[in-house]
Amino acid sequence: MILQALARYYDILAEDPECSIPRPCYIMTGVSFALLLSEQGDLTGIIPLFQKELRGKKEVEAPRRMIVPEQVKRSSAPAANFLCDNSAFVLGISSQDSEKPDYAPKRFEAFRDLHLGLLGGLDCPEARAVTAFLRKHNPKEARSNPLIAEKLDDLLAGGNIVFKVEGCEGFVHESPRIRRVWENSKAGNSKENEGQCL
């Protein structure tokens, strides 16, 4: 009885957009920017997501805390996160471009392949916009894009980037159809043992 009540309360909290308790397959993390895309996948804006936060007696700008898809544990291989990652993965550019010219493009390829695989067959505006962006985007030309150039230093600082599509509510990773695809992919890759609860 107590476990059922706790499980029901967890479900209630997880559905509350003001609550910071993430559901399974999600985490709470800081996000610095959202790439604003047209439905055709063109980059139309870069939205800063910093918020003022009190640290001690000083007010500072910090990345917005947001529930996003669970992130991978990285080793040396370029493993991409789903719909929330840094500029090396999302845009194929990094602060190491001059010393390691292959570093960011390889990460962008991993990010693009993950998303085309998961979202390529999904028929919704958010999936179409993100996959179109990833097919069109050329990391070699990214720095010459005026929208990226304007915020280049901040983008290269390593903060997380998410996506937003014009005319769609919320961020792409919050779309119910996108969430279903993500959760199904995680369920298919789960190595956890299943058993009957009390």
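## A walk through the model: salt bridges, sheet, loop and cysteines

Start by selecting R112 and D113, whose side chains form a salt bridge with N and O 3.8 Å apart. Keep in mind as you go that this is a predicted model. R112 has a relative accessible area of 25%, so it counts as partly exposed.

**Stop 1: salt bridges across the chain**

The pair you have just seen belongs to a wider set: the count comes to 10 salt bridges. Next, select E70 and K186. Their closest N and O atoms are 3.0 Å apart, and the two form a salt bridge. E70 sits in the loop between β5 and α2 (87-90), while K186 is in helix α7 (residues 176-189), so this pair ties together parts that are 116 residues apart in sequence. Switch on a surface and look at both ends: E70 is partly exposed at 30% relative accessibility, and K186 is partly exposed too, with a relative accessible area of 27%.

Now move to D97 and R143. What are the parts that this pair ties together? D97 lies in the loop between α2 and α3 (103-119), and R143 lies in the loop between α4 (125-136) and α5 (146-150), so the link joins parts 46 residues apart in sequence. The two residues form a salt bridge, with 2.8 Å between the closest N and O atoms. R143 has a relative accessibility of 36% and counts as partly exposed.

**Stop 2: helix α7 again**

Go back to helix α7 and pick S185, which is found there. Is S185 buried or exposed? At 16% relative accessibility, S185 counts as buried, since the cut-off for that is under 20%. Show the side chain of S185 together with the backbone of W182: a polar atom of that side chain lies 2.8 Å from the backbone oxygen of W182.

**Stop 3: the open sheet**

Change to a cartoon view and colour β1, β5 and β4. In that order they make an open sheet of 3 strands, with antiparallel pairing. The edge strands are β1 (26-31) and β4 (50-55), each of which pairs on one side only. If you look along the sheet, the twist from one strand to the next averages 45°.

Zoom in on β4 and β5 (residues 58-69): the two run antiparallel and are joined by 6 bridges. For one position to click on, try Q51, whose bridge partner in β5 is A62.

**Stop 4: a glycine in a loop**

Select G41, in the loop between β2 (33-37) and β3 (43-48). With a relative accessible area of 2%, G41 is buried. Which residues does G41 contact, leaving aside its neighbours within four places in sequence? The list to highlight is A129, A132, F133 and K136. Draw a C-alpha to C-alpha distance from G41 to A129: it reads 4.2 Å, although the two are 88 residues apart in sequence.

**Last stop: the cysteines**

Finally, show the cysteine sulfurs. How many disulfides are there? The count comes to 0 disulfides. Take C124 as an example: the nearest cysteine sulfur, that of C168, is 7.8 Å away, and C124 is in no disulfide. The cut-off for a disulfide is sulfur atoms within 2.5 Å, so a pair at that distance does not qualify. C124 is buried, with a relative accessible area of 3%. End the tour at C84, which is also buried, with a relative accessible area of 0%.

Definitions and conventions:
Residues numbered from 1 in each chain as written. Predicted model: local features only at pLDDT ≥ 70, side-chain atom pairs only at ≥ 80, totals over all residues. Heavy atoms only, no water. Buried < 20%, exposed > 50% of the residue type's maximum accessible area, 1.4 Å probe, protein only. Pairing = 2+ DSSP bridges. Helix = DSSP H or I, 4+ residues; strand = E, 2+ residues; numbered from the N terminus. Axes fitted to C-alpha atoms, helices over the stretch in contact; angles between N-to-C directions. Salt bridge = Lys/Arg side-chain N within 4 Å of Asp/Glu carboxyl O. Contact = heavy atoms within 4.5 Å. Polar contact = N/O pair within 3.5 Å; in protein donor to acceptor, adjacent residues only side chain to side chain.
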